[in-house]
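Work through the exercises below with the sequence and the coordinates open. Each task is followed by a solution in steps.

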Amino acid sequence: PQQECTLPAGSGTLAMRRLMRSLLVTRLARALSSRAGPLQSHLSLAHSLWRATLQQGDIAVDATAGVGHDASVLASLVGPSGTVHALDVDAAALEACTQRVRDEAGETNAACLRISAQSHAAPPPGLAPRSATVVAFNLGFLPTRARSDAAPPTT
């Protein structure tokens, strides 16, 4: 059930931040309580939070896209009217990411994908400040190389 919320006069930005934090905590609690059984992994938790937060038409960033496991989920959630910016320093991984999104999220949802062969140190081209609803980081190894070949610290 939706609740009406009124902000005290003169409360401005601080009250809005508190309200947004409260809404995020509420969404987190809903996402966790809707799961059957114990949490299985950090990925299942992240995906639950994304499902509770994202809507069709939203903007999401997969800052460490790799071969597209998370980008595929994000694309399914934001749909063709949304945008998923997928970033990775590994161009071969981004090719695999594009194909995975097409295969798993469907060709229609894949239309939302914007890939950038770059580090997550800078925002993707065309992303307006504070416009993304979700920004995901799933750090690890370079996906098209040996697991011992970790991404350099400068990325």
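Helices (H or I, at least four residues) and strands (E, at least two) are DSSP runs, numbered from the N terminus. The model is predicted, so local features need pLDDT of at least 70 and side-chain atom pairs count only at pLDDT 80 or more, while totals for chains, interfaces and linings use all residues. Residues are numbered from 1 along each chain as its sequence is written, and side-chain values use heavy atoms, with hydrogens and water left out.

**Exercise 1. Describe the protein chain as a whole.**

Step 1. Read along the sequence, the elements of the protein chain follow α-α-β-α-β-α-α-β-β. The protein chain has five helices and four strands.

Step 2. Buried means under 20% relative accessible area, exposed over 50%, and partly exposed in between (1.4 Å probe, protein chains only). Of the 155 residues in the protein chain, 34% are buried.

Step 3. Accessible areas come from the Shrake-Rupley method with a 1.4 Å probe; for residues, only the protein chains shown count as cover. The protein chain exposes about 9,600 Å², and carbon and sulfur atoms supply 56% of this area.

Step 4. Contact means heavy atoms within 4.5 Å. Take the contacts in the protein chain between residues at least 6 apart in sequence: 64% of them join residues at least 24 apart.

**Exercise 2. Check the span of helix α2 and list its buried residues.**

Step 1. The expected span of a helix is 1.5 Å times one less than its number of residues. Helix α2 covers residues 42–53, so its 12 residues should span 16 Å at 1.5 Å a residue.

Step 2. The end C-alpha atoms of α2 are 16 Å apart, which agrees with the expected span.

Step 3. The buried residues in α2 are Ser44, His47, Ser48, Trp50 and Thr53.

**Exercise 3. Is α3 enclosed or open, and what covers its buried residues?**

Step 1. Seven of the 10 residues of α3 are buried, so this helix is largely enclosed by the rest of the structure. They are Asp70, Ala71, Ser72, Leu74, Ala75, Leu77 and Val78.

Step 2. The cover over these residues includes α2, β1 (59–62), β2, α4, α5 (107–110) and β4.

Step 3. Just after α3, Gly79 takes a positive phi of about 70 degrees.

**Exercise 4. Find the central members of the largest nonpolar core.**

Step 1. A nonpolar core is a set of buried Ala, Val, Leu, Ile, Met, Phe, Trp, Tyr and Cys residues joined through side-chain atoms within 4.5 Å.

Step 2. The largest such core has 20 residues, and those touching the most other members are Trp50, Leu54, Ala60, Leu74, Val84 and Val101. Two or more residues come from each of α3 (69–78), β2 (83–88), α4 (91–105) and β4 (134–136). The most come from α3, which gives five.

Step 3. Leaving aside neighbours within four places in sequence, Leu54 is in contact with Ile59, Ala60, Leu74, Leu77, Val78, Thr133 and Val134.

**Exercise 5. Compare Arg114 and Ser116 in strand β3, and place Thr98 relative to Arg114.**

Step 1. Arg114 lies in strand β3 (residues 113–117), and Ser116 lies in β3 too. Arg114 is partly exposed, with a relative accessible area of 40%, whereas Ser116 is buried at 11%.

Step 2. Not counting residues up to four places away in sequence, Arg114 touches Thr83, Val84, His85 and Ala86. With neighbours within four places set aside, Ser116 is in contact with Ala86, Leu87, Asp88, Leu94, Pro124 and Pro125.

Step 3. Thr98 is in helix α4 and is buried, with a relative accessible area of 17%. Arg114 and Thr98 are 16 residues apart in sequence and 9.1 Å apart in space, C-alpha to C-alpha. Beyond four places in sequence, Thr98 touches Leu113 and Ile115.

**Exercise 6. How many disulfides does a search of the whole structure find?**

Step 1. A disulfide is a pair of cysteine sulfur atoms within 2.5 Å.

Step 2. The search finds zero disulfides. Cys97 is buried, with a relative accessible area of 0%, and Cys112 is buried, with a value of 0%.

**Exercise 7. Where is Arg130 found, and is it buried or exposed?**

Step 1. Arg130 is in the loop between β3 and β4. Arg130 is exposed, with a relative accessible area of 87%.

Step 2. Most residues other than glycine have a negative phi. Phi of Arg130 is positive, near 60 degrees.
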